Amino acid sequence: MYQRFIRQLLPKCSHNVIQAKQEIKWLVFYINNKYNNNYSSSNNNCSSSNNNYNNINYIDNNINYSDNINLNDYNNNNLSIKEIIEKKFSEKEREILNELIKERVEQSKPLQYILGTQPFCDLEIITKPPVLIPRWETEEWTYQLITKLNHLFSINNNNYKYNNDDKKYNKKYNKKYNKKYNKKYNKKYNKKYNILDICTGSGCIALSLANSLPPNTCQIYGIDISDDALSLANLNLANLNNNNNNNNHDNNDNNNSNNNKMNNQVKFSKLDILQSSIEEIKSLFNEDDGIDLIVSNPPYISPMEYNNNLDPDVKLWEDKCALMANDDGTEFHNRIAYLASNYLLRRNNNNKFHDDENQEIIIKKYQIPQLVMEIGGSHQVEKVIHYLNKYHFGWTQIWKDATGKERCIVARL
Ligand SMILES: C[S@@+](CC[C@H](N)C(=O)[O-])C[C@H]1O[C@@H](n2cnc3c(N)ncnc32)[C@H](O)[C@@H]1O
């Protein structure tokens with residue numbers, strides 16, 4: 001039976017057996033989590049009542065959004081996936097697995113929409129069709145950006161260290177120093193660093209920045225045209241706030257309203273970035289000073305690519321408006337560069353968000369951008385650089401992804 005499931009899945013996994021086995025493994029976890037089974041041997045390691053495994057915060061459409069799916073639970077049990085399916089699963093569960101594999105193969109339903117979540121930076125982002133599933137390429141540059149920004153917030157503070165490579169150390173270190181550091185930081189710099197995420201979708205970028213940057217240093221805004229995207233972004237925000245509450249996150253100094261328990265406050269709003277007037281856009285921010293950093297993963301697939309080259313997993317399930325853009329896929333980049341340069345980015349005080357004399361040195365040393373836009377690849381570089389030059393960005397750079405493909409264009413005025 002296990003072999004039959006693998007064979008069924010193969011066409012969806014580029015005929016890669018390892019990938020097919022991996023997908024089955026995730027589906028087995030999902031069924032276990034959803035139906036609250038317990039395949040444990042005597043030590044109960046595999047129990048879904050184990051807190052590691054089943055910290056359920058939001059129940060929506062009968063999907064449990066677990067805080068953390070722990071792969072080791074099964075390994076500790078010494079049961080292979082084949083054994084779980086063939087010996088421990090009930091007839092009903094095997095039927096469910098069969099149905100999910102059918103959905104995956106016959107309807108091209110992406111695995112992330114079946115499982116209901118996708119890991120992104122340190123978060124578990126809830127996924128729902130037709131809102132775009134967060135991609136690893138976006139996650140990669142978001143991490144890179146977080147690392148750079150943390151240098152900016154560590155100005156003049158020898159106690160505060162942030163090292164994305166060592167999560168365990170970070171948690172311990174941050175718990176110890178954040179409170180002390182924050183008081184010091186906020187006393188010295190009463191201004192927040194304003195970040196705008198244009199085309200926010202599930203909110204994955206905005207929420208990761210809010211979660212990973214030091215507490216109370218930033219105010220983050222996410223905008224999107226789609227009601228589906230905004231309600232998912234708000235669901236993710238509520239879910240993560242709830243997780244942080246449950247984890248006794250030490251955030252007493254946080255002045256956030258709206259029961260916002262992430263490190264930094266996030267606000268999502270509906271806005272059409274192509275059509276809205278400058279007044280409409282600016283009215284969402286309440287920021288007289290301007291925005292310090294604009295990030296965006298906008299739609300960037302050209303109409304021709306959309307019609308000819310798109311995988312059915314994407315085309316049938318993800319919103320066309322999240323994917324396709326005019327002008328060879330660069331329509332949004334042009335508009336965002338124009339708005340950023342002329343209206344949105346902070347202009348006063350020499351583009352600086354506080355007066356620390358080291359700020360400029362840090363920005364130069366770590367090449368911290370004011371604008372980060374994801375692109376589809378090398379074919380869009382020339383056009384996007386042209387827009388940036390046209391709107392007076394004096395410094396531009398290209399960030400490549402792990403496969404060596406041009407993935408982001410970043411810039412400063
Ligand atoms: C490629 S998705 C990115 C989603 C998310 N930032 C991510 O990285 O997973 C693009 C998003 O742009 C939104 N969008 C499309 N047209 C828009 C417009 N005119 N104004 C604002 N948002 C728009 C879509 O709804 C979609 O959520």
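## Helix 9

In this predicted model, helix 9 spans residues 204-212 and is mostly covered, with nine of its nine residues buried. Those buried residues are Cys-204, Ile-205, Ala-206, Leu-207, Ser-208, Leu-209, Ala-210, Asn-211 and Ser-212. The list holds nonpolar side chains such as Leu-207 together with Ser-208, Asn-211 and Ser-212.

Leu-209 of this helix also belongs to the largest nonpolar core, where Leu-209 is one of the residues with the most contacts. Helix 9 comes up again in the shell around the ligand.

## Nonpolar cores

The largest nonpolar core has 37 residues, and Leu-149, Ile-195 and Leu-209 have the most contacts inside it. Outside its neighbours within four places in sequence, Leu-149 is in contact with Tyr-193, Ile-195, Leu-209, Leu-213, Leu-293 and Ile-368. Two of these partners, Ile-195 and Leu-209, are themselves among the residues with the most contacts in the core.

Another core, of 33 residues, lies apart from the largest one; among its members are Cys-199, Leu-284, Leu-339 and Phe-393.

## Ligand site

The ligand is surrounded by 21 residues, and the closest are Cys-199, Asp-224, Asp-272, Ile-273 and Asn-297. Cys-199 is thus listed both here and in the core of 33 residues.

Asp-224 places a polar side-chain atom 2.6 Å from an oxygen atom of the ligand. Two backbones also take part: a backbone N or O atom of Ile-225 lies 3.2 Å from a nitrogen atom of the ligand, and a backbone N or O atom of Leu-271 lies 3.4 Å from a nitrogen atom of the ligand. Taken alone, the ligand exposes 600 Å², of which the protein buries 96%. Helix 9 and helix 14 (320-323) are the elements that give two or more residues to the shell around the ligand.

## Hairpin of strands 3 and 4

Strand 3 (residues 117-120) pairs with strand 4 (residues 123-126) in the antiparallel sense, over four bridges. Thr-117 in strand 3 stands opposite Ile-126 in strand 4. Two residues lie between the strands of this hairpin, and Cys-121 takes a positive phi near 50°.

## The protein as a whole

The protein contains 18 helices and eleven strands. It has 413 residues, 54% of which count as buried. Of the contacts between residues at least 6 apart in sequence, 70% join residues at least 24 apart. The exposed area of the protein is about 19200 Å², and carbon and sulfur atoms supply 44% of it.

Methods. Residues numbered from 1 in each chain as written. Predicted model: local features only at pLDDT ≥ 70, side-chain atom pairs only at ≥ 80, totals over all residues. Heavy atoms only, no water. Buried < 20%, exposed > 50% of the residue type's maximum accessible area, 1.4 Å probe, protein only. Pairing = 2+ DSSP bridges. Core = buried A, V, L, I, M, F, W, Y, C linked by side-chain atoms within 4.5 Å. Contact = heavy atoms within 4.5 Å. Near = heavy atom within 4 Å. Polar contact = N/O pair within 3.5 Å; in protein donor to acceptor, adjacent residues only side chain to side chain. Areas by Shrake-Rupley, 256 points an atom, 1.4 Å probe, with all protein chains shown as cover.
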